[in-house]
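Student: I am new to this structure and should like to work through it step by step. May we begin once it is in view?

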Amino acid sequence: MNAPSVDIAATFAELGIEVRERGWLSSNNVLFDAGTPAEAATLVDTGYSLHAAQTVAWLRRRLDGRALRRIVNTHLHSDHCGGNAAVQREYGCEVWVPQPSLAAVRNWDDGRLTYRATDQACERFEATGGLRPGSEVWLGARPWQAWATAGHDPEALVYFEPRSRVLIAGDALWHERLAIVFEALAGGDGFVGAHQTLDLIASLAPRVVIPGHGAPFTDVTQALLASRQRLAAFEREPEEHFAYALRALAMFHLLEHRRRPYAQMRAWMFATPVLARGRQALGMSPARARALIDACLDRLLAGAQLTLDGDVLALPPATRAWRTTAKKKGSG
Ligand SMILES: [Zn+2]
């Protein structure tokens, strides 16, 4: 499985794939485009709503007048489907979502869709239908298998093409980090689901993984091992997992809003529903939660991931430059 010699560019060219690697606020976009009008294109995941205009502009350039037939989502976190509405307006395309999330989209149940819990934005879009785990979906010229995953999001799918053994993993597997195990944060048995997801991916033995964030990679065995170690550490110390979620969601919030008064940010980290439920699930006292919040902000400031401008927390200029670079990158 560990095959660093795989030629990612040649594999993607054969499958008609272009990966647009983005930052943390927006997921990667995976475009299937044969380049002919006859075979209309499909886009897997559309990024965050704040970047929707960029996503549409990129598609216009890449498709150069050709149609986009479909959007397919790995899961419906705001950073993966936040561009759905804008892309749908532009192309009048179908939108296929994981079947377990279909009713929530049709009723726009933003409680179940997590946007209220995380205080993240997502413009309403219309779903054409649901993709069932165990089914196949045509992406480009080949059928891809849809597999159910759990842990990060119990309704998420990953898509696997068995001949090339390319896996579109969404947030089920990243290269060096582990996505928040939201099911565990909510007090459920999410770590078990996350382990089962890693087992599933190992059994598929992908040669190339296209993660939801970060560059496509081939050292899959190593990535699985790193994820398992991280997961085991979180299981031993669930408070560490809570602290990780605190940091990741706070950074996401600041990547979106750029600046926030320190006191307001502190209050946000305490009261945002997904985090409030997380600390309650651990039986954490408010005083302990506030201590973790302060430690988290101290660490982000010490690591220069945030700066303090008077009493306002802000992203340092380097983060802005990084965003511009990520935007300019075009293809992965
Ligand atoms: Zn996600």
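Student: Which residues coordinate the zinc ion?

Tutor: This is a predicted model. In it, the donor atoms lie at 2.1 to 2.2 Å from the zinc ion. They are NE2 of one residue, ND1 of another, NE2 of a third and OD of the last, belonging respectively to H75, H77, H152 and D171.

Student: Is the arrangement of the four donor atoms around the zinc ion tetrahedral or irregular?

Tutor: To count as tetrahedral, four donors need all angles between 85 and 135 degrees. Here the angles run from 88 to 170°, and the arrangement is therefore irregular.

Student: How many residues apart in sequence are the parts that H77 and H152 tie together?

Tutor: The donor residues follow the spacing H-x1-H-x74-H-x18-D. H77 belongs to the loop between β4 (68-72) and α3 (78-81), while H152 belongs to the loop between β8 (142-148) and β9 (157-161). Both residues are buried. The pair therefore ties together parts whose separation in sequence is 75 residues.

Student: Is Q120 buried or exposed?

Tutor: Q120 sits in the loop between α6 (115-118) and β6 (129-131). Its contacts include Y48, Y115, L249 and F252, and its side chain makes a polar contact of 2.6 Å with that of S78. Because its relative accessibility is 15%, and the limit is under 20%, Q120 counts as buried.

Student: Which residues of α4 are buried?

Tutor: Helix α4 spans residues 84-91, and six of its eight residues are buried. Their cover includes α2 (52-63), β4, α3 and β5 (94-98). The buried residues are N84, A85, A86, V87, Q88 and Y91.

Notes. Residues numbered from 1 in each chain as written. Predicted model: local features only at pLDDT ≥ 70, side-chain atom pairs only at ≥ 80, totals over all residues. Heavy atoms only, no water. Donors = N, O, S within 2.8 Å, 3.2 Å for Na, K, Ca; no water. Tetrahedral: all angles 85-135°; square planar, octahedral: opposite > 155°, others 65-115°. Helix = DSSP H or I, 4+ residues; strand = E, 2+ residues; numbered from the N terminus. Buried < 20%, exposed > 50% of the residue type's maximum accessible area, 1.4 Å probe, protein only. Polar contact = N/O pair within 3.5 Å; in protein donor to acceptor, adjacent residues only side chain to side chain. Contact = heavy atoms within 4.5 Å. Lists of a residue's contacts leave out its neighbours within four places in sequence.
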